[in-house]
Amino acid sequence: MLSQLEARGVSYSLQGIVKDYGEFRLTVEQLELREGEIFCLLGPSGAGKSTLLRLLNFLTPPDSGKMTLFGRTYLSSNFTPELQIMRQITTVFQRPALLNERVWNNIVYPLKLRRQAVDKAAITPIIERLGLSGILDQPAATLSGGEAQRVALARALVFSPKVLLLDEPTANLDPENIAIIEGMVTSYAAEHRSTIVWITHNQFQARRVGDRVCLLEKGRIIEVNSKEKIFSDPDNQRTREFLCGDILY
Amino acid sequence: MGAISDGFFESIRLLFSLDPYIYDIIAVSLRVSGIALFLSTLIGVPLGALLALSRFRGKQVVTALLYTGMGFPPVVVGLFVFLFLSASGPLGSLRWLFTVKAMITAQTIIAFPLVAGFTMAAVASVDRNLLRQLRALGATKLQASWAAIREARVGVLVAIIAGFGGVISEVGAVMLVGGNIEGRTRVLTTAIVLETRKGNFGVAIAFGIVLLLITFITNLAMLYLQKRQLLEEE
């Protein structure tokens with residue numbers, strides 16, 4: 001009997017992926033990501049988490065290996081997805097990069113890129129849930145860090161991406177903003193069955209939001225497991241040491 | 001001192017006299033520099049953005065050439081345009097020499113490196129993280145480039161104004177390729193040279209005032225746009 005998580009369809013499949021920067025090399029021998037799951041990436045700084053995220057968003061090509069997404073395979077030699085595939089993926093980075101325009105223009109920017117009509121009724125729940133209703137006319141340059149990150153998340157969600165990649169989006173935010181963002185992302189994943197990959201340095205956050213958790217260290221995957229398993233009885237000794245705080249970074 | 005004050009009062013009288021000689025020259029000046037600026041913007045803004053945002057073989061050479069172009073003496077540009085358009089030159093068959101077209105060509109060559117160079121600097125200062133974010137949101141390279149130009153709009157505007165300043169006040173190139181023909185290719189700067197040599201200081205000062213006014217109004221418009229931009233950001 002398959003668990004609920006295992007029964008979900010595969011969105012990404014990575015095989016033999018290598019990204020070599022000389023002094024640092026990321027190797028992913030095998031990794032599958034599923035639809036509707038929140039996949040948390042844990043690991044020390046420099047482990048390769050952000051590099052993996054850039055690969056998943058096709059922002060950087062691997063040196064070798066292949067990646068399958070939504071049934072289409074992309075080899076390292078031809079790592080250029082069709083625009084409609086590229087437009088089903090997005091990343092929210094740690095430092096929100098907003099256009100020097102009003103908040104509303106930032107939020108609807110992805111729709112304009114896609115020449116989609118701006119459906120206010122569809123956007124309003126996202127805006128309200130993220131507490132942005134009162135600042136839509138404000139210039140983005142005047143926002144606080146928490147507001148800017150909520151705008152960045154709203155902008156990422158308005159076009160209902162099939163894949164949402166989060167590169168430490170709540171680092172340096174206060175608990176209230178963290179709670180808003182976590183709530184939004186978890187409900188989005190459940191409602192849209194999108195694949196969420198969430199880089200975090202916060203084990204408690206991974207426990208709160210993750211379905212599966214992956215530990216990366218020195219460019220290699222140490223362990224991938226359900227959060228229940230990884231936080232109670234990890235398979236790998238390095239994972240145990242990391243979670244106990246024995247690996248300093 | 002008397003010649004200056006006499007010339008100044010004479011210039012005021014001329015400006016309000018609606019003399020067609022004066023207004024024809026103003027019209028030719030604005031037409032030549034306006035079209036040259038339009039063409040320079042069409043070439044210079046995309047070129048500057050391309051140099052700022054992309055990496056390709058020979059980029060440093062192109063950049064060095066552009067910087068050279070920014071400091072190129074206009075009269076030398078005029079000389080080359082003259083040689084190319086003269087009857088024995090490679091483009092002599094166009095018969096553009098001593099026409100407005102030749103002047104527009106020369107002024108475009110003078111202005112586009114300025115527009116491209118300043119645009120390049122402005123676009124290069126746009127946050128790289130923003131460009132990466134736009135790509136991650138599904139922007140094509142062209143859409144991301146356009147967004148970068150929009151982000152650098154104040155700098156791009158300054159680039160265009162710098163191009164305009166470079167051509168409206170330029171005399172050597174238009175004199176060489178236009179020939180300063182009354183009613184056809186005479187512009188404000190060449191008219192000032194001519195009228196001064198003839199001792200018509202009043203007319204020369206009148207043209208000088210108009211030239212200053214055009215530059216002043218252009219800068220005022222730029223400041224207004226910059227201020228509006230700053231107010232939007234506040």
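**Close-up 1. Confidence along chain A of this predicted model.** The mean pLDDT (the predictor's confidence in each residue, from 0 to 100) is 93 for chain A, with 95% of the residues scoring at least 70. Strand β7 (residues 163-167) of chain A has the highest confidence at 98, while helix α9 (residues 237-244) of chain A has the lowest, with a mean of 90. Helices (H or I, at least four residues) and strands (E, at least two) are DSSP runs, numbered from the N terminus. Local features here need pLDDT of at least 70, and side-chain atom pairs count only at pLDDT 80 or more, though totals for chains, interfaces and linings use all residues. Residues are numbered from 1 along each chain as its sequence is written, chains are lettered from A in the order in which they are written, and side-chain values use heavy atoms, leaving out hydrogens and water.

**Close-up 2. Helix α6 of chain B and its packing partners.** Leu130(B), Leu131(B), Gln133(B), Leu134(B) and Ala136(B) are buried (under 20% relative accessible area, 1.4 Å probe, protein chains only) in this helix, residues 128-136. From chain A, β6 (89-92), α3 (103-113) and α5 (145-157) pack against these buried residues; from chain B, α2 (20-53) and α7 (141-151) do.

**Close-up 3. The two ends of α6(B).** At the N-terminal end, Asp127(B) acts as the cap, with a side-chain oxygen 2.9 Å from the backbone nitrogen of Asn129(B). Just after the helix comes Gly138(B), with a positive phi of about 105°.

**Close-up 4. Gly48(A) in its loop.** Look between β3 (38-42) and α1 (49-56) of chain A for this glycine. Gly48(A) counts as buried because its relative accessibility is 6%. Neighbours within four places in sequence aside, Gly48(A) is in contact (heavy atoms within 4.5 Å) with Phe24(A), Leu26(A) and Leu216(A).

Note on methods:
Buried < 20%, exposed > 50% of the residue type's maximum accessible area, 1.4 Å probe, protein only. Polar contact = N/O pair within 3.5 Å; in protein donor to acceptor, adjacent residues only side chain to side chain.
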